[in-house]
Amino acid sequence: STYLVFSFFILIDLFKKKFSLVPSKSFNIFIYSISLVIIISALYFLQSKAGYLTFFITLIAYFTGQLIIKEKKYIKGVCFIALIILSVIFLYNKSTRFYYVRQAISQKENFINAVSAKNHKLILESFGIDRISLWIIATEIAKENFLFGCGSGDIHDELNLKFNKYNLTSFSQSKYNVHNQFLETLIVQGIIGLLLLLLWLFYPFFVKKNYTGNNYLFLIFIIILVINFIFE
């Protein structure tokens with residue numbers, strides 16, 4: 001899904017820069033249109049929640065930057081963003097991929113209590129969100145190795161110790177990682193490594209040339225990375 005979302009914005013960027021794939025202008029537009037439809041269809045059928053989230057957030061960021069901030073087309077920009085938000089609401093309510101998320105929100109008090117009590121059995125059986133349990137465990141390990149981390153060679157041993165502690169045998173059998181690059185970096189390299197990762201990721205947002213000459217593709221790429229780092 002990460003590659004598909006980035007491919008979508010590469011095509012949009014090429015189209016805006018009037019890059020010709022073929023000599024015929026009408027056939028050129030046809031190829032772009034078909035390619036975009038294929039990408040969006042493939043993204044939908046992948047059924048990746050992170051992919052959906054990445055796509056819609058980057059779309060909103062793109063239209064906000066391009067139409068509202070740069071081109072000052074406020075009405076057009078707001079209409080596009082409103083359409084995106086309505087699509088998000090529709091997908092959230094209709095897609096089975098968000099069933100457990102909807103259930104957690106509808107029973108938020110029980111869900112919060114389960115998370116606070118580190119009741120992994122309830123989190124998994126009632127709410128089916130295994131990443132929450134992984135992140136709770138990762139946070140525990142990170143606190144124990146806060147400054148310098150435990151090292152990349154020991155992370156699976158540290159995770160398995162916690163999995164066994166909480167009787168999460170399916171996690172250890174599946175050799176789960178943290179499913180969050182920020183937490184994984186914090187565990188492996190400590191707070192120093194995490195700060196370096198954040199600096200590497202977000203420094204380009206403070207470089208002026210990335211905002212000039214329609215050079216938004218690089219920033220879109222970083223937004224895609226950041227969102228996916230949260231879940232993978």
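A pocket, as the word is used here, is an open set of grid points with protein on both sides within 12 Å along at least five of seven lines. With that in mind, let us walk through this predicted model, starting with its empty spaces.

The largest pocket has a volume of about 720 Å³. Its lining is made up of 25 residues, and K49, A50, F98, V101 and F231 are the ones closest to the centre. If you would like to find this pocket by its helices, look for α3 (49-70), α4, α5 and α8 (130-144), each of which supplies at least two lining residues. Helix α3 gives the largest share, with six residues. As for chemistry, the lining of the largest pocket holds 18 nonpolar, two polar and five charged residues.

Now move on to the second largest pocket, whose volume is about 610 Å³. Here 26 residues form the lining, and those nearest the centre are F8, I40, F55, L59 and F63. Two or more lining residues come from each of α1 (2-16), α2 (25-46), α3 and α4. Once again α3 provides the largest share, in this case eight residues. The lining of the second largest pocket divides into 21 nonpolar, three polar and two charged residues.

Helices α3 and α4 have now turned up in the linings of both pockets, so how do these two helices sit against each other? Two packed helices are described by the angle between their axes and by the distance between those axes. For α3 and α4, the angle is about 170 degrees and the axes are 9 Å apart. Since angles over 145 degrees count as roughly antiparallel, α3 is therefore roughly antiparallel to α4. On the α3 side, the residues in contact are Y52, F56, L59, I60, F63, T64, L67 and I68. Their partners in α4 include Y74, F80, I84, V88 and L91. By class, this contact has 15 nonpolar residues, three polar ones and one charged. Notice L59 and F63 in particular: they meet α4, and they are also among the residues nearest the centre of the second largest pocket.

Follow the chain along α4 (residues 74-94) and you come to α5 (residues 99-106), which packs against α4 at an angle of about 90 degrees with the axes 8 Å apart. Angles of 65 to 115 degrees count as roughly perpendicular, which is why α4 is described that way relative to α5. In this contact, Y92, N93 and K94 of α4 meet V101, R102 and I105 of α5. The contact of α4 with α5 is made of three nonpolar, one polar and two charged residues. V101 is worth a second look, as this α5 residue is also one of those closest to the centre of the largest pocket.

While you are in helix α5, find Q103. Is its side buried or exposed? Q103 counts as buried because its relative accessibility is 15%, and the cut-off for buried is under 20%. Leaving aside residues up to four places away in sequence, Q103 touches S126 and F127.

A last stop is E184, in helix α11 (residues 181-202). Apart from residues up to four places away in sequence, E184 touches I155, N177, V178 and H179. The C-alpha atoms of E184 and G149 lie 9.6 Å apart in space, while the two residues are 35 apart in sequence.

Methods. Residues are numbered from 1 along each chain as its sequence is written. This is a predicted model: local features need pLDDT of at least 70, side-chain atom pairs count only at pLDDT 80 or more; totals for chains, interfaces and linings use all residues. Side-chain values use heavy atoms; hydrogens and water are left out. Axes are lines fitted to C-alpha atoms, for helices over the stretch in contact, and angles run from 0 to 180 degrees between N-to-C directions. Helices (H or I, at least four residues) and strands (E, at least two) are DSSP runs, numbered from the N terminus. Angles under 35 degrees count as roughly parallel, over 145 as roughly antiparallel, 65 to 115 as roughly perpendicular and the rest as oblique. Contact means heavy atoms within 4.5 Å. Ala, Val, Leu, Ile, Met, Phe, Trp, Tyr, Cys and Pro count as nonpolar, Asp, Glu, Lys and Arg as charged, and the others, Gly among them, as polar. Buried means under 20% relative accessible area, exposed over 50%, partly exposed in between (1.4 Å probe, protein chains only). On a 1 Å grid over the protein atoms alone, a cavity is a set of points where a 1.4 Å probe fits but cannot get out, and a pocket is an open set with protein on both sides within 12 Å along at least five of seven lines; lining residues have an atom within 4 Å of a point. Grid points are joined across faces, edges and corners, and a volume is the space filled by probe spheres set on the points.
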